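Visitor: Please walk me through one part of this structure in close detail. I'd like to see who its neighbours are and how well it is covered.

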Amino acid sequence: MPYVSYNQMLCNLTVRSLEMSHTDDATPTGHAARTLSEEDRQKLKKQDSRLVSSFQALQLEKNAKKHWDLFYKRNETRFFKDRHWTTREFFELVGSADETRTLLEVGCGVGNLIYPLIEEGMNFFVYACDLSPRAVDFVKSNEKYDETKMKAFQCDITSEDIFTVIPDNSVDIVTLIFVLSAIHPDNFVVTLSNIFKILKSGGLLLLRDYGLFDMAQLRFKPGNKISDNFYMRQDGTRSYFFSEECLKDLLVQCGFEVIENSYVQRKTINLKEDIDADRVFIQGKYRKPPVEQA
């Protein structure tokens, strides 16, 4: 029986109470963004036939940095596309040319978010951190890296490391793009609490991540599931799939005001691979309450 933390238990209970049908086998039928077919439901049920062992799950957590470093060793800067969509989805990133704001990207990878922002002339001083030292090296080796405008550093956001580089109450915007899902559910609250502490009064957290019943979740085979909605990939990295309710509860628990928090539906089309898949992401904007409201 895999270990389940209190925070993950709350998420799981929320998911089950809101999204389970009253069918005989009590398998989920979906949610507002995705209705599960009978084939989908059977895939989810089959995943439970063989779970990741408790020992293996502990090893995955212990070696998380190693697995992400190997990921960037294999893929270098080729895996992720530049995220030119961020200013379209999060207008808060546009800002004013007259005002220099401070941005922290947690889980910066090789810079697929920060460098498009710089190319578009956004007026930020950027902090960029990642668990993988190799990813940080790729950020620093980019020809656009300018230490007068940015600082990239290795950091485990689930620890106190971040506060040795960035002082409390000093950042205007934090981005968390497909990052929280890669963290063990035991550490969701400490991660979000650290971000809350770093933000200025009235500062914003901008988030996009994997939504519950996304195509990627349905494709996992038996032997990849660690616990409810939490999976191991073949390369040893991990992914959690969030419901709206679970994510909202976590953010509120950590002190944030919820501005937006909803599923986002997209299509992945790859003609070469004959892929036409419905994606379910979750996207949100959350604010640290201004001092007068705290």
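**A close look at strand β3**

Guide: Let's start with a partner: β3 and strand β4 (residues 124–130) run parallel to each other, paired over 6 bridges. Two strands count as paired here if DSSP finds at least two bridges between them. Strands and helices themselves are DSSP runs numbered from the N terminus, with at least two residues (E) for a strand and at least four (H or I) for a helix. Before going on, note that this is a predicted model, where local features need pLDDT of at least 70 and side-chain atom pairs count only at pLDDT 80 or more, while totals for chains, interfaces and linings use all residues. Numbering starts from 1 along each chain as its sequence is written, and side-chain values use heavy atoms, leaving out hydrogens and water.

Within the β3–β4 pairing, Val106 sits opposite Cys129 of β4. The two strands also belong, with helix α6 (residues 114–119), to a right-handed β-α-β unit. Right-handed means that, with the strands pointing away from you, the path from the first strand over the helix to the second goes clockwise.

β3 has another parallel partner too, strand β6 (residues 171–177), through 3 bridges. There, Glu105 faces Thr175 in β6.

And the cover? Of the 6 residues in β3 (101–106), 6 are buried; that's under 20% relative accessible area, with over 50% being exposed and anything in between partly exposed (1.4 Å probe, protein chains only). One side carries Arg101, Leu103 and Glu105, the other Thr102, Leu104 and Val106, and both faces are covered.
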